[in-house]
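Hi there,

Here is the structure I promised to pass on to you. Have a look at it first, and then read on for what turned up.

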Amino acid sequence: MGEVLGLGVSHYPPLSGRDADMANILKGRLQDPDVPPHEKDPANWPADMQAEWGSDEGLAGAARHRAAMLHGLRKAREALDAFNPDFVIIWGDDQYENFRETIIPPFCVMAYEDMAVHPWGHASESAMFSDKEDEWGGGKPNVWNERKDFEITVRGHRKAAKYLAESLLERDFDVSYAYKPLHHPSLPHAFLNSILYLDYDRKGFPWPVVPFQINCYGRAVISYRGFISRLADRGRELDPPSPSPRRVFDMGAEVARICAESPWRVALIASSSWSHAFLVDRTYRMQPDVELDRRLYDALVAGDWDVWRNLSLRQIEESGDQELLNWFALAGAMNALGQRCEWSDFVQTYVFNSSKVTAVFPPVGGVKA
């Protein structure tokens with residue numbers, strides 16, 4: 001019988017950059033002519049948002065936000081080191097990176113071999129794009145001062161990925177699979193950032209990775225092309241939806257059962273921040289839905305998975321929580337294994353686009369009856 005560790009982390013792109021740039025999403029929204037002036041006035045913001053913004057437009061707040069995120073990421077890395085899995089499965093979304101107009105699968109198991117990855121040389125191919133690339137010699141400015149030619153090896157585990165895809169198909173989950181990237185020369189940033197952040201202290205990331213794509217953005221995946229847009233763009237034609245939260249939850253449960261019945265030690269990792277301010281129309285895309293995030297976080301800590309499984313896709317979309325579908329897979333997995341959260345933290349923010357959660361669910365073998 002296999003053993004399964006559960007982890008939840010964020011792949012928040014600004015964490016890889018500099019503190020001075022961490023509030024740029026909000027700063028960009030302040031320049032949007034369609035946002036009403038009273039919404040842009042800090043005097044009308046929630047008290048916590050005003051405190052984060054401060055007198056330096058979020059600079060000191062960014063340092064605090066980074067420190068709080070790193071505390072959680074290092075706890076997750078400690079759990080990963082202690083468990084030492086045979087491989088990790090990362091549930092992540094594709095933001096018009098590898099999957100574009102050619103095909104948008106609801107789910108895709110990426111059965112890749114080892115890959116040589118240039119995180120900053122390939123940054124312009126993804127939602128990690130920076131308009132300051134030229135001054136950095138063709139690479140994205142980053143907190144580690146790594147250059148365009150910096151390379152890491154991301155190990156794959158094709159045997160395990162094929163086993164997972166085959167098992168899901170045999171159990172009536174119609175997943176896609178891929179042996180090679182399609183449009184993106186590297187890994188989409190939801191997967192790559194998870195590796196970079198779990199190795200923030202640059203100790204190395206020795207475990208093979210099975211990226212498992214979930215189409216989180218659904219109605220906005222092609223029409224928005226993976227990037228932030230102006231408020232006036234709300235009228236654009238939308239795409240078909242994502243899989244429902246319930247379907248993702250059930251898929252995660254089946255993956256957990258497959259892994260628990262396998263001969264392997266597997267770490268299941270959900271990768272995303274929570275509600276994204278730039279997707280919440282009712283706040284003029286200025287603030288995330290902290291209230292819903294708090295409710296879901298409390299349910300996660302309590303192990304009340306019915307709160308998660310009964311949330312509708314419309315609620316997810318209205319609250320800017322599309323990427324949280326990655327966590328719905330983890331929620332289903334932990335429910336199937338009967339695991340309660342061992343450690344977690346909630347890093348609340350209004351200024352830095354999305355609140356961040358790190359969660360650790362201890363290893364378990366077997367399946368709940």
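Let's begin with helix 7, where Pro245, Val248, Phe249, Met251, Gly252, Ala253, Glu254, Val255, Ala256, Ile258, Cys259 and Ala260 are buried. That makes 12 of the 17 residues of helix 7, so the helix is largely enclosed by the rest of the structure. Helix 7 covers residues 245-261, and from its first C-alpha to its last it reaches 25 Å, close to the 24 Å expected at 1.5 Å a residue.

Before going further, please keep in mind that this is a predicted model. The mean pLDDT of the protein is 93, with 94% of the residues at 70 or more. One stretch to treat separately is residues 130-138, where pLDDT stays under 50. For that stretch the model has 20 contacts beyond four places in sequence.

Now to the sheet. It is an open one, made of 8 strands in the order 6-3-7-2-8-1-10-9, with mixed pairing. Which strands stand at the edges? They are strand 6 (176-178) and strand 9 (343-347); each has a single partner strand, so one side of each is left without a neighbour in the sheet. From one strand to the next, the twist averages 15°.

Strand 2 is a good place to zoom in, as it is mostly covered: 7 of its 7 residues are buried. Phe87, Ile89, Trp91 and Asp93 point one way from the strand, while Val88, Ile90 and Gly92 point the other way. Strand 2 has parallel pairings with two strands you can follow on screen:

- With strand 8, it pairs over 5 bridges in the parallel sense, and Val88 has Ala267 of strand 8 as its bridge partner.
- With strand 7 (residues 209-214), it runs parallel and is joined by 6 bridges; here Ile89 stands opposite Val210.

Elsewhere in the sheet, the sense of pairing is antiparallel between strand 1 (residues 3-9) and strand 10 (residues 356-365), which share 5 bridges. Val4 has its bridge partner in strand 10, namely Val364.

Two helices are worth finding against the sheet as well. Helix 4 (residues 59-83) packs on it and touches strand 1, strand 2, strand 8, strand 9 and strand 10. The direction of helix 4 makes about 170° with that of strand 1. Helix 8 (residues 290-302) lies across strand 9 and strand 10, and runs at about 170° to strand 9.

Happy browsing, and do write back with any questions!

Best wishes

Technical notes: Residues numbered from 1 in each chain as written. Predicted model: local features only at pLDDT ≥ 70, side-chain atom pairs only at ≥ 80, totals over all residues. Heavy atoms only, no water. Pairing = 2+ DSSP bridges. Helix = DSSP H or I, 4+ residues; strand = E, 2+ residues; numbered from the N terminus. Axes fitted to C-alpha atoms, helices over the stretch in contact; angles between N-to-C directions. Contact = heavy atoms within 4.5 Å. pLDDT = per-residue confidence, 0-100. Expected span 1.5 Å × (residues − 1). Buried < 20%, exposed > 50% of the residue type's maximum accessible area, 1.4 Å probe, protein only.
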